[in-house]
Amino acid sequence: MFDRAMRRKLFSHGMTILTGATVVIVLIPLFWIIYESALLGGSVFSLGFFTQNIPAPCSAHTGVTCSTEGVGSAIQGTVYLLLLASLYSVPVGLGAAIFAVEYGGQRAFARAISMAADVLSGVPSIVAGMFIYALLIVYEPAIVFSVFSGSLALGVIMLPIVMRTSEEALRTIPHSVREAALALGISRWKTSVRIILVGALPGVLTGVLLSIARAAGEAAPLLLLDNGSLHPCLSVDTVCQSLSLTIYLGATSASSNYVAIAWGAALLLIIIILGLSIVSQLVLNRTARKWGQGS
Amino acid sequence: MTRGNPFPTFPSRKTRAVSKWGDRIFLVLTAVAAAGLIAVLVALVVVLYHGSLPTINALGLNFLYTLTWNPQGNVYGIVPFAIGTLLTSAIALLLAIPLSIGAAIFLTQHAPTWLREPVAQVIQLLAAIPSVVYGFWGLIVLVPIMRYDVDPILANVLGWTGWFSGRHIGLDVLTASVVLSIMTVPTITAISKDSILAVPRSQKEAALSLGATDWEVSRRAVIPYARSGIIAGIVLGLGRALGETMAVTLVIGNANVIPTSLFSQGQTIASLIANDFFEQETPLELPALLEAALFLLIITLAVNIVARWIQARFQAGRAVGAE
Amino acid sequence: MAILSDTIKMDVQHLGAFYGKSRAIEDINIQVPDRKVTAIIGPSGCGKSTLIRCLNRLHETTPKARVEGSVLLDGEDLYQLDPTAVRRRVGMVFQKPNPFATMSIYNNVSAPLRFNGRPSREETDAAVLRALKQAALWDEVRDRVDAPATSLSGGQQQRLCIARALAANPEVLLMDEPCSALDPIATAKIEELIGQLKNDYTVVIVTHNMQQAARVSEFTAFLYLGKLVEFGPTEDLFERPKEKLTESYITGRFG
């Protein structure tokens, strides 16, 4: 007969197995999605997939040869969006981080700026899109629907990420470095930029890469602001296609080639995001070793 | 011995002037950036409020408790979507919380140390997948499985509860909740894991020395101590779920009504905006959508602030009680 | 050897300093003679570090820090000048050696030159050579000036920091317990170095080690609980202390 102690032990073992099972359960959707994307997305990968623009919609069973090439215009559009969004978010985010760390230190207003960034990072991306829409419709209605406007919304999403990661990176530089530089009569701004920032650069870069990875996958604000064109970008004030919206297109379209293209776009996005994450992790590891040498 | 050096005029007058101005300009530039960040936050609220004034003036507080959304009839009520949002988020949390905490417990208490971080990183990949990919996968892969395999079982087994009534086409509140729960898991797991790791060893050792089993140590000593941190993680996950758009809008069925069962098609506030944005048939529709966006903004901000406040208290409490 | 016959390099007048509301030092009056070594001694927490950090205006970079009184350098009040300019004339070496970890030995020493002007390669080389020689480090690193600064031992890193501070060509060199993180051999090397440095620079050194103060300095200030108890020629202070408190400290009655 099992006594109480035995039962408790068995129960504990059972819970260990159960919790192990939850890890597996949690990982199933991840591998499932990656598997489906690799299978269905990989099958449309070709040189033409990356270079051709989005073709006309069609369905395979109509007998017409249905092209699944490609997402060239979407790639170009996403690149434009990310470049522009970085143009706004990186200087402002980095500047705010430097201000908080160099001039705020531990003071209350430095924490207020960090808190504002944290609060901003919780804003849903669709709300960011509506915000830019409401803003531009009043002041610059001509570019409300454009790659520029989409990039503004992505900038709003990227800004808090850049700011917080830059702030963390700057704060890892020990205070003794700052004191050593100041004691040599190096001016404050040179200390901040040429010594502290240079030392924190890998962390800052990582933050930028991570924020780009996040923005690359955003679709909600683009749905509102930068939607509908299948062609490549000609100028900043026109609507362009983007990778994330290509997926949305595949989801809402009846044409089978669009669904296939969407899988390809999904795989491409996953690869890009994973790639950016891995690169940023490598950058961080290399610096950890560099700073770790000696005292 | 002379004090001569190669730099008798070092630093030059020019360098001195430049560094003074350099300091001033630098301070101004960075201060402007910091102000800009705060300005964006403030502008979000102000601009959305300004844009929704037409409906705020026309409907007043009715917006908050009207049960229907009918642009043609100029009836705009946020209730169906608030319910949709709350329902999907609640079910998502119901599914995600046990899984996330279970995973966190396994990773921190049972898994070998070298395995912990790599597996945790892999779980974080779930957060890296864009929500539109989740929506797309959900629509193409999950919806048919729900419709043909899962929903019938649920209807049979749990139909008596009344929650699983009606035709199930797979595009419904339930599927949206499932997708949402997958997306919420990484947040809760990461924060729970960190909270559990922050529990001092002494707590665990005290319980072990009293003869508690591993599970009892987790349940009675470790988790209660990490409770605030875990709750903060849950609230943070909730904040993300509330604002999720793309994954939800593709699988929820997009019906602007109050759902009566988990198999009903529904709509969240976020999916409403995404779905109805291009309709804009009547003049009040856009301001109404802006008001919905403002409503969503305020809710998510409030939830986020609560989560961070709990986190801050948890850190403070730990600092006080830590060895 | 009275103080009056030496030129006064730094005249500290009624100096007080605060961290927020709490006062660290009060009404300090010291006349630091030119090209001599002045030591500041006292038990832990007496304010020695705060005092020396007021002499190059580093104290005010701490949040909520405040200073009152004045510090005259060759007659000019440092607190009326631009802080950055002050720090180029009054250099500092810290308790824990803090070379720039990502830079080489050469780049560490040349940092004050590179960041404060645009010297040519020859000028920088000459300045770095001179500084490393003055810091008694040149012989040990002549073959590896491009090696990372962190490849040096603790004592060598401290001499590197001294070289770096000297490369900025200051008039006064402040040393805040420069040997407390070092072993006895490295300490002896630095004390020997101080003996040579005073030919060219005015040195102010904070130390918790009385014997060290007695060995290296010509003048000593004894601080207790933020106030100046006694200041005078080292020999006089140690052998014929005027204050009872000084005598108690020196005879080891309290640490």
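This report walks through chain A, its contacts with chains B and C, and one helix pair in chain B. Keep in mind that the model is predicted.

**Chain A on its own**

Let's start with the fold of chain A. Its secondary structure consists of 11 helices and zero strands, which gives the pattern α-α-α-α-α-α-α-α-α-α-α along the sequence. The chain is more spread out than a compact globule, because its radius of gyration is 24 Å, well over the 19 Å that the globule rule gives for 295 residues. Along the principal axes, the C-alpha trace of chain A spans about 80 × 75 × 35 Å. Even so, 55% of the 295 residues of chain A count as buried. If you are curious about contact order, take the contacts in chain A with a separation of 6 or more: 75% of them join residues 24 or more positions apart.

**Where chain A meets its neighbours**

Chain A touches both chain B and chain C, and the table sets out the two contacts.

| Contact | Residues from the partner | Residues from chain A | Classes on the partner side |
|---|---|---|---|
| Chain B with chain A | 67 residues | 69 residues | 48 nonpolar, 15 polar, four charged |
| Chain C with chain A | 25 residues | 21 residues | 12 nonpolar, nine polar, four charged |

On chain B, the elements that each supply at least two residues to the side touching chain A include helix 3 (79–110), helix 5 (131–158) and helix 8 (214–243). Which element gives the largest share of that side? Helix 1 of chain B does, with 19 residues.

On chain C, the elements giving two or more residues to the side that touches chain A are helix 2 (83–89), strand 6 (90–93), helix 3 (105–116) and helix 6 (154–167). Here the largest share, four residues, comes from helix 3 of chain C.

**A helix pair inside chain B**

Helix 4 and helix 6 of chain B both belong to the set that supplies at least two residues to the side touching chain A, and they also pack against each other. Two packed helices are described by the angle between their axes and the distance between the axes. For helix 4 (residues 113–128) and helix 6 (residues 173–197) of chain B, the angle is about 140° and the axes are 7 Å apart. The two helices are therefore oblique to each other, and helix 4 of chain B passes helix 6 of chain B in a left-handed crossing.

Which residues make the contact? Helix 4 of chain B brings Ala120(B), Ile123(B), Gln124(B), Leu126(B) and Ala127(B). From helix 6 of chain B come residues including Ile182(B), Val185(B), Pro186(B) and Lys193(B). By class, the residues of this helix contact are eight nonpolar, three polar and one charged.

How values were computed: Residues are numbered from 1 along each chain as its sequence is written. Chains are lettered from A and ligands numbered from 1 in the order in which they are written. This is a predicted model: local features need pLDDT of at least 70, side-chain atom pairs count only at pLDDT 80 or more; totals for chains, interfaces and linings use all residues. Two residues are in contact if their C-beta atoms, placed from the backbone, lie within 7 Å. Ala, Val, Leu, Ile, Met, Phe, Trp, Tyr, Cys and Pro count as nonpolar, Asp, Glu, Lys and Arg as charged, and the others, Gly among them, as polar. The radius of gyration is taken over C-alpha atoms; the globule rule is 2.2 Å times the number of residues to the power 0.38. A residue is buried if 20 or more other C-beta atoms lie within 10 Å of its own, exposed if 12 or fewer, and partly exposed in between; C-beta atoms are placed from the backbone. Axes are lines fitted to C-alpha atoms, for helices over the stretch in contact, and angles run from 0 to 180 degrees between N-to-C directions. Angles under 35 degrees count as roughly parallel, over 145 as roughly antiparallel, 65 to 115 as roughly perpendicular and the rest as oblique. A crossing is left-handed if the near helix is turned anticlockwise from the far one by less than a right angle, and right-handed if clockwise.
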